Amino acid sequence: MRQAFESATKSLRQHPRAVAAAVLALVAGTGVTAFGIAPLAPDASLLPRRQIVEDVTPEAIAPQLEALAGAPLVLHRTELTRPADTADTLLRRLGVVDASAAAWIRNDPIGRRLFEGNAGKMVTVGKDADGRLTELVARFPTADDENGHPRFARLRVERQADGRYASHLEQAQLESTPRLASGTIQSSLFAATDAAGLPDAVATQLAEIFGSDIDFRRDLRKGDTFRVVFETLTADGEPVPWSQGSGKVLAAEFVNAGQAHQAVWYAGVGKGGYFDFNGESKRRAFISSPVAFSRVSSGFAMRFHPILGVWKKHLGVDYAAPTGTPVRTVGDGVVSFAGVQNGYGNVIMVQHSGDRMTVYAHLSRIGVRKGQHVSAGDTIGNVGMTGWATGPHLHFEFRLHGQQKDPVAVAKSSETIRLDPAQRGRFAQLAQNLKSELDLATDLGGMPGRFE
């Protein structure tokens, strides 16, 4: 037996290919349908083990402490600017003791931008062990780019090697992260969004998006539900304080009186817009309101006139809002009048296609001129109480062929903007992805209203 085994082993070494072919032919001829191959590597558990012991001498503590003591110490701190801030008060609040830096910021054209415009700029400073300024970085909102992407301005002041300061200003794109939330109406939209932890800016967008489908002042029902996917915004990794750190609503669903209304933001057309899941635009030729979500103090109906003291048909809609609240045009058109007119006070009239006109009265400020082209959503003035007004509000009219019509009814029945057929495939994929995220927002871990 041993001799036969040695002979076979010798043949395998001399003719490996022939032996392999013979084995293959044997397997193929015997109808074997499966076989296993043993691992060629040895079992790791059977390998020999060795333990190596080596002396390690740590570095002495004293030299390490000496090196740390000699390293420059830079501390960072962040604050928001306040309306009454100066270079001195801001730096002092940030713990910087550096009169030369304060003087330089006061006199530098870029540095002075810190105190121009609105307060609430995010300011981060670096200072050395003596409390002197090494670096200052301020971040604050600026205009969106040409594609509608939100940006921020970054103002930087740095102390150079020679001790002098340098500054520069640049713009960068805000980073966004999608967040999910859902909620149920118990009393009002804002009460429900507060309970869901949603920023007011997102609640306002919901009212705007579904304003042509739902009258949020009269049509809300207890038990109505909503779910939403929206952006949270950061600048250089820091949550921004403006707009409550929120960006655009990306997708939403609102169920009112048992009827579901959906919207998806799609940036593939023009400036972008909201469409339902079937690709039908949520935007109509006329948006629902000339003032961002506010209280209607007097509708298109009979009312007791507060000045004349008689019952009279009110041929417009009054929106109660604080003086200075922005007023926007509800549709594309051309300004046909901008000035003072009797009981209207400061008034703007915009001519639209199809012999349609909108009127914006009692303004505190007029921001357009006659003949100027305006687009739906453009700010044209501010709420006031000029003319025959007993309090700050906007009087808004919609005229068709010179006759006043109910603005709310006109907005709901106006024509929609349709999605280009060439865009529908891309939109359908986006809508499907966002619908999946909305499904996740319906019940976040059994606790509706909490963020994902």
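Helices (H or I, at least four residues) and strands (E, at least two) are DSSP runs, numbered from the N terminus. The structure described here is a predicted model, in which local features need pLDDT of at least 70 and side-chain atom pairs count only at pLDDT 80 or more, while totals for chains, interfaces and linings use all residues. Residues are numbered from 1 along each chain as its sequence is written, and side-chain values use heavy atoms, with hydrogens and water left out.

**Overall features**

The protein contains nine helices and 26 strands. Of its 452 residues, 38% are buried, where buried means under 20% relative accessible area, exposed means over 50%, and partly exposed lies in between (1.4 Å probe, protein chains only). Its accessible surface, computed by the Shrake-Rupley method with a 1.4 Å probe, is about 26100 Å², and carbon and sulfur atoms account for 54% of that surface. A contact means heavy atoms within 4.5 Å. Among contacts between residues at least 6 apart in sequence, 61% join residues at least 24 apart.

**Strand E20 and its partners**

How many of the six residues of strand E20 are buried? In this strand, residues 356-361, six of six are buried. Arg356, Thr358 and Tyr360 lie on one side, Met357, Val359 and Ala361 on the other, and both faces are covered.

Two strands pair if DSSP finds at least two bridges between them. Strand E20 pairs in the antiparallel sense with E19 (residues 346-352) over five bridges, and Gln351 stands opposite Met357. Three residues separate E19 and E20 in their hairpin, where Gly354 has a positive phi near 70°. Strand E20 also pairs in the antiparallel sense with E24 (residues 393-400), over six bridges. There, Phe396 is the bridge partner of Tyr360.

**Loop residues**

Most residues other than glycine have a negative phi. Asp236 has a positive phi near 55°, and His362 has a positive phi of about 70°. The table gives the place and the relative accessibility of three loop residues.

| Residue | Loop between | Relative accessibility |
|---|---|---|
| Thr86 | E1 (75-80) and H4 (87-93) | 35%, partly exposed |
| Asp236 | E7 and E8 (238-239) | 37%, partly exposed |
| His362 | E20 and E21 (363-366) | 5%, buried |

Thr86 and Arg106 are 20 residues apart along the chain, and their C-alpha atoms are separated by 8.1 Å.

**The largest pocket and helix H7**

On a 1 Å grid over the protein atoms alone, a pocket is an open set of points with protein on both sides within 12 Å along at least five of seven lines, and lining residues have an atom within 4 Å of a point. The largest pocket holds about 1700 Å³ of space, a volume being the space filled by probe spheres set on the grid points, which are joined across faces, edges and corners. It is lined by 44 residues, and Lys248, Trp265, Lys271, Gly272 and Tyr274 are the closest to its centre. Elements that give two or more residues to this lining include helix H7 (200-209), strand E7 (225-235) and strand E9 (246-256). The lining comprises 14 nonpolar, 15 polar and 15 charged residues. Here Ala, Val, Leu, Ile, Met, Phe, Trp, Tyr, Cys and Pro count as nonpolar, Asp, Glu, Lys and Arg as charged, and the others, Gly among them, as polar.

In helix H7, the buried residues are Val202, Ala203, Gln205, Leu206, Ala207 and Ile209. Their cover includes helix H6 (189-195), E7, E9, E10 (259-266), E11 and E12.

How values were computed. 1 Å grid on protein atoms, 1.4 Å probe; cavity = no way out; pocket = protein on both sides within 12 Å on 5 of 7 lines; lining within 4 Å.
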